[in-house]
Number of protein chains: 2
Amino acid sequence: MDWSQANAACDALTENEESLTRDIVTRLAEKWTLWTLAVLAESEAPLRFSRVMEQVEGVSQKSLTKVLRQLERDGLVTRAVFAEVPPRVEYAITELALDMLDLLHPLWQWATVHVGTFQAAHAAYDKKRPAA
Amino acid sequence: MDWSQANAACDALTENEESLTRDIVTRLAEKWTLWTLAVLAESEAPLRFSRVMEQVEGVSQKSLTKVLRQLERDGLVTRAVFAEVPPRVEYAITELALDMLDLLHPLWQWATVHVGTFQAAHAAYDKKRPAA
DNA sequence: CTGCATCCGTTACGATACTG
DNA sequence: CAGTATCGTAACGGATGCAG
């Protein structure tokens with residue numbers, strides 16, 4: 001593991017930039033963010049608000065709105081409003097977000113591959129500490 | 001983007017396994033988890049609780065304890081208790097966790113590289129929606 | 001030294017009702 | 001259809017005090 005490389009990249013950032021980097025990564029792991037991005041990534045065409053909400057199963061309108069707003073602000077999705085009746089709003093994923101998902105893919109694969117390892121680790125731990 | 005590949009890996013999991021996978025990834029992004037792992041990864045030798053807390057700047061005892069317990073349960077760190085006076089507890093990172101950090105590295109680099117992009121995106125967004 | 005228990009403020013989330 | 005406003009609940013995280 002070449003941690004000097006990672007540290008060099010980190011040290012080059014101002015405190016403000018480092019904070020922002022942390023925020024971005026943290027935000028990606030919030031409850032509905034990745035799921036929403038995945039839905040938009042799987043769709044070839046832009047999706048209306050209702051279609052996204054159907055596919056991100058269990059999300060509330062409020063939370064989905066918040067997540068989409070944040071993603072838009074981060075430049076990870078685009079939001080297009082059409083002045084029609086009834087109103088239409090379409091969301092689409094950006095290239096930036098697709099790049100990021102590519103990077104995230106190995107991590108997800110790692111997690112799926114090691115699911116059995118984690119189940120075993122949990123079982124062993126719970127046996128040692130039944131109280132917890 | 002080859003999403004069929006990602007979907008194939010996902011579809012092979014039971015609902016329970018998929019839930020666990022999601023939990024693992026989510027946990028990695030919790031406030032102090034990655035920072036703690038990074039500290040343990042940088043150290044060649046196992047670290048005592050106090051040493052970890054010194055280096056994970058700003059973490060409370062409570063949060064650090066919780067994070068370390070969870071990491072131990074996931075098999076990402078080991079915890080060794082020495083029956084001495086005063087008590088000594090040493091934490092070390094596992095190979096499994098080091099593998100994971102390797103996979104995570106590109107994502108972190110991506111975030112640092114695009115910090116400027118995000119700042120610009122935020123500025124543009126806030127200009128368009130000053131109310132928000 | 002380690003780390004658990006408790007209190008407390010903040011934030012996240014969901015349900016519901018309402019607006020352009 | 002696509003939100004906004006409001007409310008109530010639950011989880012999170014920090015500070016403090018105490019025990020082994």
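The residues of the surface near DNA strand D split into seven nonpolar, five polar and seven charged. Here nonpolar covers Ala, Val, Leu, Ile, Met, Phe, Trp, Tyr, Cys and Pro, charged covers Asp, Glu, Lys and Arg, and the others, Gly among them, are polar. "Near" asks for a heavy atom within 4 Å of the strand.

This is a predicted model, with local features needing pLDDT of at least 70 and side-chain atom pairs pLDDT 80 or more, while totals for chains, interfaces and linings use all residues. Residues are numbered from 1 along each chain as its sequence is written, chains are lettered from A and ligands numbered from 1 in the order in which they are written, and side-chain values use heavy atoms, without hydrogens or water.

Back to the DNA. Of the 19 residues around strand D, A:Ser50, A:Arg79, A:Tyr91, B:Lys62 and B:Ser63 come nearest. Of the strand D atoms within 4 Å of the protein, 63% belong to sugar or phosphate and the rest to bases. Some polar contacts (pairs of N or O atoms within 3.5 Å) are listed below.

| Side chain | Partner in DNA strand D | Distance |
|---|---|---|
| A:Gln61 | base nitrogen | 3.0 Å |
| A:Arg69 | phosphate oxygen | 3.4 Å |
| B:Ser63 | phosphate oxygen | 2.7 Å |

Elements giving two or more residues to this surface are helix H4 (49–55), helix H5 (61–73) and strand S3 (88–93) of chain A, plus helix H5 (61–73) of chain B. Helices (H or I, at least four residues) and strands (E, at least two) are DSSP runs, numbered from the N terminus. H5(A) gives the largest share, four residues.

Now for S3 of chain B. Six of its six residues (88–93) are buried, so the strand is largely enclosed by the rest of the structure. Buried means under 20% relative accessible area, with a 1.4 Å probe and protein chains only. B:Arg88, B:Glu90 and B:Ala92 point one way, and B:Val89, B:Tyr91 and B:Ile93 the other.

S3(B) pairs (at least two DSSP bridges) antiparallel with S1(B), residues 47–48, over two bridges; there B:Arg48 stands opposite B:Glu90. S2(B), residues 77–82, also runs antiparallel to S3(B), over six bridges, and B:Arg79 faces B:Tyr91. A hairpin of five residues links S2(B) to S3(B).

Finally, what is the volume of the largest cavity? About 130 Å³, taken as the space filled by probe spheres set on the grid points. The lining divides into 12 nonpolar, no polar and no charged residues, including A:Leu104 and B:Leu104.

Note on methods: A polar contact is a pair of N or O atoms within 3.5 Å; within protein, one must be able to donate a hydrogen and the other to accept it, and residues adjacent in sequence count only if both atoms are side-chain atoms. Buried means under 20% relative accessible area, exposed over 50%, partly exposed in between (1.4 Å probe, protein chains only). On a 1 Å grid over the protein atoms alone, a cavity is a set of points where a 1.4 Å probe fits but cannot get out, and a pocket is an open set with protein on both sides within 12 Å along at least five of seven lines; lining residues have an atom within 4 Å of a point.
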